[in-house]
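Here is a walk through a two-chain model for someone meeting it for the first time. Have a look at the structure below, then read on with it open beside you.

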Amino acid sequence: MALERVKTGISGLDSMLKGGIPKRHHVLIAGGPGTGKTTMAMEFLYHGAQEGETCAFISLEEKPERIIENISSTFPGWKDFKKFVKEERIIITKAEKWNFEHLVDMIQSFIDHKGVTRLAIDSSTLLKMYFTSKLEFRRKLYELMDFLAGVDCTMFLTAELPTSDRTMMRHGVEQFVADGIIILYNLEKAEKRVRAIEILKMRGTDHARELAPMKFSPNGIEVFEGEKVY
Amino acid sequence: MIAMASKKNRKVDAVFLTLYKRASRRMFGDFQSERLAVAVGEALGRELAMGSSANQIVQDIVECINASGLGSMRAEKPPKGVERYDPISNFYVKDSIEAQESEKADKPVCQILRGIIRGALAQVYHQENIAVKETKCAALGEKECVFEAYWVPM
């Protein structure tokens, strides 16, 4: 049977993924500060809404109004973004701090009663702080992923990395639990910062192995597969 | 189903619920069986909220739980000064059959009741930023189970 895929809709990324993310996969978007994790997760939802899907973005830190304003100013070409939010085709909400039960209640509610098929949680770095030990975090995250594996929902989970340096990358608990890992960079090149993307892992499918440059345009993220970063 | 049970004055069967929850734990593990119970509760709560209103929903939840046999419930606003965020209501349940069926608990166990309360409130207010916490549970030796329902600040 052919592998069912969900197109991210992000220019150049689906080609790197050989057609999109396998359906029901849980993908970690990891990167240093300011690399575009939240933005990429939102673009994944935005294109889902354009396809007629219902999508949900659960923030563990930022207020929904602030997220909406940031996204609207980053991508002025997304004329229908606020309309999608108003019509609840993109639901943006905030979970209660340190209350894992409430987070899971909301996810379950979105999937069972709102028909959400694309979900983003921002961020796992904060989620980690809900638990007193790494083991408990790993166990709960695994249980959550296992629970979500049985439902028709593809998830992006963001994770903060302490550095953008490729050689200094540390692997957190969530990277072992996720089906896929996409890393975003803000690399130094000739006294300038250059955005770049790399697919580190994607279970069940082949994918591009090279680092690719990436930029933010008014209409969304653009990934330039096959082009050199350095 | 509970809304229907309430209308027809039929009770949820304690023996059936006990066996069902135990079997679900055995088959799916703690986390999945808890989620299943919350999902059942939430679906029931949402059904119960159809035709209710924000003014009436707390009373409707109490009446339905009492008619269903899941426990003996009363609701009241938390006393001033101890509320968590912006409270909706506290729900107090004596003789919860979920708590009674629990063999050895190390955390609150009344997921169906919690799901019903949250589902009914989320449905009637059309909001997801409602949290329901079981802060006391008879399965942990308390006199009664206590559920706090409140708005999560956005």
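## Strand partners in chain B

Let's start with a pair of aromatic names: Phe91(B) sits opposite Phe147(B), a residue of strand E4 of chain B. These strands belong to a predicted model. The two strands in question are E2(B) and E4(B), the latter covering residues 145-151, and they run antiparallel with seven bridges between them.

E2(B) also has a partner in strand E1(B). E1(B) spans residues 72-76, E2(B) spans residues 86-94, and the two pair in the antiparallel sense over five bridges. If you want a spot to look at, find Ser72(B), which faces Lys94(B) of E2(B). E4(B), meanwhile, pairs with E3(B), again antiparallel, through six bridges. There, Ala131(B) is the residue across from Tyr150(B) in E4(B).

## The whole sheet

In what order do the four strands of chain B line up? They go E1-E2-E4-E3, forming an open sheet with antiparallel pairing. At the edges are E1(B) and E3(B), the latter being residues 130-136, and each of them pairs on one side only. On average, neighbouring strands in this sheet are turned by 20 degrees against each other, if you ignore direction. As a bit of background, strands of a sheet pair through backbone hydrogen bonds, and they can do this in a parallel or an antiparallel way.

## Helices on the sheet

Two helices of chain B are worth finding next. Helix H3(B), residues 57-68, packs on the sheet and touches E1 and E2 of chain B; its direction makes about 165 degrees with that of E1(B). Helix H5(B) lies across E2, E3 and E4 of chain B, and runs at about 155 degrees to E3(B).

## Chain B as a whole

Step back and chain B adds up to five helices and four strands. Reading from the N terminus, the order is α-α-α-β-β-α-α-β-β. The C-alpha trace spans about 40 × 35 × 25 Å along its principal axes.

How does the radius of gyration of chain B compare with that of a compact globule? For 154 residues such a globule would come in near 15 Å, and chain B has 15 Å, so the two agree. Of its 154 residues, 43% count as buried. Contacts between residues 24 or more positions apart make up 63% of the chain B contacts with a separation of 6 or more.

## Where chain B meets chain A

The two chains touch: 14 residues of chain B are in contact with 16 residues of chain A. On the chain B side, helix H2 (14-49) and helix H5 (111-125) each supply at least two of the touching residues. The largest share, seven residues, comes from H2(B). Sorted by class, this side of chain B has seven nonpolar, two polar and five charged residues.

Helix H2 of chain B is also home to Met27(B). Is Met27(B) buried or exposed? It counts as exposed, because it has 10 C-beta neighbours inside 10 Å, and the cut-off for exposed is 12 or fewer. Met27(B) and Ile117(B) are 90 residues apart in sequence, with 26 Å between their C-alpha atoms.

## Chain A in brief

Chain A has eight helices and 11 strands. Its C-alpha atoms fill a box of roughly 45 × 40 × 40 Å along the principal axes. A compact globule of 230 residues would have a radius of gyration near 17 Å, and the 17 Å of chain A agrees with that. Of the 230 residues, 45% count as buried. Residues 24 or more positions apart provide 67% of the chain A contacts with a separation of 6 or more.

## The nonpolar cores

The largest nonpolar core has 68 residues, and among those with the most contacts inside it are Ile29(A), Phe57(A), Ile90(A) and Leu119(A). Helix H2 of chain A (residues 37-50) gives the largest share of this core, seven residues. Leaving out residues up to four places away in sequence, Ile29(A) touches several others, including Met40(A), Ala41(A), Phe156(A) and Leu184(A).

A second, separate core of 40 residues includes Ile57(B), Ile61(B), Ile130(B) and Tyr150(B). You've already met Tyr150(B), the residue opposite Ala131(B).

Methods
Residues numbered from 1 in each chain as written. Chains lettered and ligands numbered in written order. Predicted model: local features only at pLDDT ≥ 70, side-chain atom pairs only at ≥ 80, totals over all residues. Contact = placed C-beta atoms within 7 Å. Nonpolar A, V, L, I, M, F, W, Y, C, P; charged D, E, K, R; others polar. Core = buried A, V, L, I, M, F, W, Y, C linked by C-beta atoms within 7 Å. Buried ≥ 20, exposed ≤ 12 C-beta atoms within 10 Å, placed from the backbone. Rg over C-alpha atoms; globule rule 2.2 N^0.38 Å. Pairing = 2+ DSSP bridges. Axes fitted to C-alpha atoms, helices over the stretch in contact; angles between N-to-C directions.
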